[in-house]
Amino acid sequence: MTLGPRASARENEGIVMKKEYLHAGNASSPEQNDSYEFLEEKPTKNDPFQVKKELPLEIIGITLEFLDGWSLIACTLVNKQWYRLTHEQKLWQNICLKQWPLLKFQSLPQLPGAPDYDIIRLYRGSWRQCFILQHGLNQQAGLSVTIPNFAEAPKTRIKSETFNINEHSFCLWIFPKGIRQEDSNGVISAYLVLTDLEKRPSQWLTCAVFTLTIHHTSDPKKNITWNSSLHDNRFEPSLYNWGVHSLTDLKTLTNKECGYLDNQGSLKLSVRVRLLSITVQLFFESDFQRNKGRGLTSTKASVTLELPFCTTFEELQQVVAKHVPQGLRFSLWSFGRTNINGQPFRPQKLLQPLPSTVQRRPLFGNQLVDGIDIDAYSCCSIFVDTHAMENEFIFIKVYDTATKQLDYIGRVLLSACQTPQSLQIQLQFYVGDQSSGIYTFVEDIAPVLCSKILPLNYSFKASDIVIVVPMLSGNGNGINENQAEVLVYDYLHVWMQDIYEQAKVLYSDLLICPTLHDIETLAETLDIPRFRIHSAYRKCKGDPSQTLKFFMEGRHLGFICDSCGDTDFRGPRYNCCTCRDFDLCSSCYELSKDVDHRYASVNGTWKRVTEFDGHSKNHSMRKLLSVFHEGYHTSS
Ligand SMILES: [Zn+2]
Ligand SMILES: [Zn+2]
């Protein structure tokens with residue numbers, strides 16, 4: 001066992017020490033070996049804690065493995081060293097899995113393309129958090145049923161024991177010879193049923209996905225599995241049970257050769273159920289006014305709601321109505337994703353009632369978002385427009401030369417303001433009658449935070465966030481084009497630097513162990529989608545601190561160089577203006593050659609594909625810097 005450098009000698013270099021600790025921590029990950037490797041600490045004169053003087057830290061680390069969760073939490077308070085030792089993920093993982101073995105099956109059941117409801121996400125990246133919340137967020141459970149002497153099983157219904165997820169109580173109904181007359185003796189039917197109907201309010205609604213499995217006696221690959229579909233997840237008074245009329249045919253099951261019956265002739269069936277909900281953040285115009293910086297929504301939403309996953313538009317309207325003054329009409333807009341349209345996260349799509357024939361259809365998926373970010377299935381933002389506008393608009397921010405702030409002043413209809421020229425006329429009230437005019441910019445995604453000054457005949461697009469700088473400052477001095485650009489760029493630069501500082505604090509403070517959730521939140525302010533952070537997180541072997549470091553290193557998260565195949569690369573990224581979605585790293589760009597292949601994601605892994613028209617060195621390329629590149633955070 002190799003010991004790290006003496007920690008006490010490095011107390012003033014927090015960030016260095018932390019890296020070494022992380023290295024030591026990695027040694028305990030299962031891929032490498034199971035032993036712990038901890039830093040040794042030199043005892044200091046005034047140290048009141050006697051045990052530490054006598055015991056090397058690795059012994060303490062091993063001792064901690066024998067404690068229960070609550071004792072471990074008590075040990076957290078001893079000192080910084082113990083704080084870190086008692087936050088070791090592995091310790092908490094063992095405790096949680098021992099106490100709640102079901103957590104092992106967190107990944108089941110999954111919907112195709114549905115969010116990653118893994119343990120890390122539910123508990124904000126922390127097994128310790130999972131323990132503290134006492135499994136309160138557990139959204140899933142399961143049950144196994146064994147039917148003895150299956151070949152001779154009765155035609156009647158077999159009812160399983162009940163099992164609970166939070167306040168919901170479920171059971172399985174199994175019809176060993178099928179439920180329908182015509183199925184008689186041909187198939188097995190199975191249903192998931194809610195059992196506590198009499199206790200429920202009249203309009204109850206529960207959302208869940210579930211998996212029914214008939215187990216093979218020796219080969220799990222031959223298990224017969226049935227998954228509920230995205231549209232089958234709504235349990236309500238008229239449809240309190242869900243299932244399948246013919247799970248499989250009896251010939252297969254009763255044939256001894258097929259291996260579904262054990263030596264005693266019993267058949268094993270199981271069900272796994274996961275409840276689903278969707279987190280809806282409601283933004284109001286006042287939230288945009290509070291936001292200082294780029295975009296519209298870096299401030300927290302006014303209202304966060306946890307709704308059943310299969311909420312319909314009408315149900316959403318009813319819930320939102322409780323948060324606006326009574327009787328006030330409002331319209332609802334969902335937010336557009338940024339990685340395609342190049343602009344910050346902003347309201348873009350009017351939500352409208354569906355035709356009456358499909359009114360009961362849930363809102364999830366494409367209706368709430370553009371459907372390109374799978375996270376959006378479980379989390380979405382809604383703009384509640386209390387002016388009830390139903391036509392496209394643009395968002396206006398004005399640079400106040402006195403306060404040196406960008407202030408959100410409201411929206412104007414796109415039809416009334418299609419160019420900077422017409423906007424200039426509309427805005428005379430704000431920028432003063434004597435003003436000789438305005439400079440306009442549109443906001444962009446990080447790291448390109450803003451456009452150049454727009455020509456007067458530029459055509460605005462719906463939901464553009466337009467920055468306006470008056471040509472005359474408050475004290476009557478003129479502002480030229482260069483000065484206007486400097487004012488806006490400097491303002492946004494400072495904002496960017498703030499975010500970097502937040503990341504740095506999160507990374508270097510030894511008393512804060514950053515969680516995946518912290519990094520997601522930080523990335524969200526830069527409009528970096530969660531799945532990008534998740535893939536970096538996987539790359540960093542599930543270590544949040546390393547993920548944060550990876551992120552801060554100035555990488556193009558989620559991008560691949562289409563020439564050499566390097567992913568998440570550093571340095572400038574060159575994006576082709578001719579080929580769609582074609583990027584080069586800086587060394588490939590400097591080689592300046594024609595490329596007849598590109599990389600595409602095939603079943604989640606990058607593959608080199610040649611069905612591609614080819615990129616020529618003559619194509620013009622845009623140079624894009626990464627978030628947190630040199631210059632944003634190194635210059636003053
Ligand atoms: Zn390359
Ligand atoms: Zn090209």
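**Exercise 1. Find the accessible surface of the chain, and the share of it that belongs to carbon and sulfur atoms.**

Solution. The accessible surface of the chain comes to about 31400 Å². Carbon and sulfur atoms account for 51% of that area. Keep in mind that this model is predicted.

**Exercise 2. Describe the chain as a whole: its secondary structure, its buried share and its contacts.**

Solution. Start with the secondary structure: 19 helices and 24 strands. Next, take burial. The chain has 636 residues, and 51% of them count as buried. Last, take contacts with a separation of 6 or more. Of these, 64% join residues 24 or more positions apart.

**Exercise 3. Place Pro 154 in the chain, then decide whether Pro 154 is buried, partly exposed or exposed.**

Solution. Step one: locate the residue. Pro 154 sits in the loop between β1 (140–147) and β2 (158–159). Step two: read its relative accessibility, which is 45%. Step three: apply the cut-offs. Buried means under 20%, and exposed means over 50%. Pro 154 lies in between, so it counts as partly exposed.

Step four: look for its partners. Leaving out residues up to four places away in sequence, Pro 154 touches Pro 176 and Lys 177. Its C-alpha atom is 8.4 Å from that of Phe 175, a residue 21 places away along the chain.

**Exercise 4. Classify Cys 75 and Cys 579, and count the disulfides.**

Solution. Cys 75 has a relative accessible area of 14%. That is under 20%, so Cys 75 is buried. Cys 579 has 10% relative accessibility, so it too counts as buried. Now count. A disulfide needs two cysteine sulfur atoms within 2.5 Å. The structure holds zero disulfides.

Terms used: Residues numbered from 1 in each chain as written. Chains lettered and ligands numbered in written order. Predicted model: local features only at pLDDT ≥ 70, side-chain atom pairs only at ≥ 80, totals over all residues. Heavy atoms only, no water. Buried < 20%, exposed > 50% of the residue type's maximum accessible area, 1.4 Å probe, protein only. Helix = DSSP H or I, 4+ residues; strand = E, 2+ residues; numbered from the N terminus. Contact = heavy atoms within 4.5 Å. Areas by Shrake-Rupley, 256 points an atom, 1.4 Å probe, with all protein chains shown as cover.
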